[in-house]
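Subject: Structure handover and findings

Hello,

Please find the structure below. My notes on it follow, for you to read alongside the coordinates.

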Amino acid sequence: MEKTLATPDTTRSLSQSCSVSVESPAAGFERRTKRRLSQTKASVCVSGEVDEDEEEVKEKIEALQRIIPGGTTLGVDALFEETACYIMSLQCKIKTIKVLTSFLQRLDKQDMKFGG
């Protein structure tokens, strides 16, 4: 059985027996997330009752689903990936606005020099 991993940079195919030697930044994030989720599941299974932390996590995930465009239709893993992409998109928009603002300010200064 072969699994395909899609990252923003590449798509890789992995068999169950092979190890990944090239690691993207998202891979570390996925590993940490899986570890945290497994620890959360373990603590819930041991206690047998709904933990306050789990409720808080669910509330935060629901809030994130409302913030991210199309987030309500996504599962948790896809929601985190989409959130990362959305943050990068917003950062790019901020940089674009800063560049345009700087350009327009320089343009205004030049107009003032030439009496425009």
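In what order do the elements of the protein chain run from the N terminus on? The order is β-β-α-α-α, that is, 2 strands and 3 helices. Please keep in mind that this is a predicted model.

Overall figures

The protein chain has 116 residues, of which 12% count as buried. Its exposed area is about 9800 Å², with 58% supplied by carbon and sulfur atoms. If one takes the contacts between residues at least 6 apart in sequence, 7% of them join residues at least 24 apart.

Helix α2

Helix α2 covers residues 52-67, 16 residues in total. At 1.5 Å a residue the helix should span 22 Å, and the distance between its end C-alpha atoms is 23 Å, so the two values agree.

Which residues of α2 are buried? They are E54, I61 and Q65. These residues lie on the same side of α2, because the arc they cover around the axis is only 40 degrees. The face turned away from that buried side carries exposed residues, namely E52, D53, E59, K60, R66 and I67.

Salt bridges

How many salt bridges does a search of the whole structure find? It finds 2.

One joins the side chains of K58 and E54, at 3.7 Å from N to O. K58 and E54 are 4 residues apart in helix α2, so about one helical turn separates them. As background, an α-helix has 3.6 residues a turn, so residues three or four places apart point the same way. The partners in this bridge have different burial labels: E54 is among the buried residues of α2, while K58 counts as partly exposed, at 40% relative accessibility.

The other joins the side chains of K60 and E56, at 3.2 Å from N to O. K60 and E56 are likewise 4 residues apart in helix α2, which means a separation of about one helical turn. K60 is exposed, with a relative accessible area of 56%, and it belongs to the face of α2 turned away from the buried side. E56 is partly exposed, with a relative accessible area of 39%.

Surface patch

Which residues form a nonpolar patch on the surface? F103, L104 and L107 do, and together they have about 270 Å² of accessible area. One of them, L107, is found in helix α3, which runs over residues 76-113. L107 has a relative accessible area of 34% and is therefore partly exposed. That value meets the patch criterion, which asks for over 30% relative accessible area.

Regards

How values were computed. Residues numbered from 1 in each chain as written. Predicted model: local features only at pLDDT ≥ 70, side-chain atom pairs only at ≥ 80, totals over all residues. Heavy atoms only, no water. Patch = residues over 30% accessible without salt bridge, like charges linked within 9 Å, V, L, I, M, F, W, Y side chains within 5 Å. Areas by Shrake-Rupley, 256 points an atom, 1.4 Å probe, with all protein chains shown as cover. Salt bridge = Lys/Arg side-chain N within 4 Å of Asp/Glu carboxyl O. Buried < 20%, exposed > 50% of the residue type's maximum accessible area, 1.4 Å probe, protein only. Expected span 1.5 Å × (residues − 1). Arc of directions from axis to C-beta. Contact = heavy atoms within 4.5 Å.
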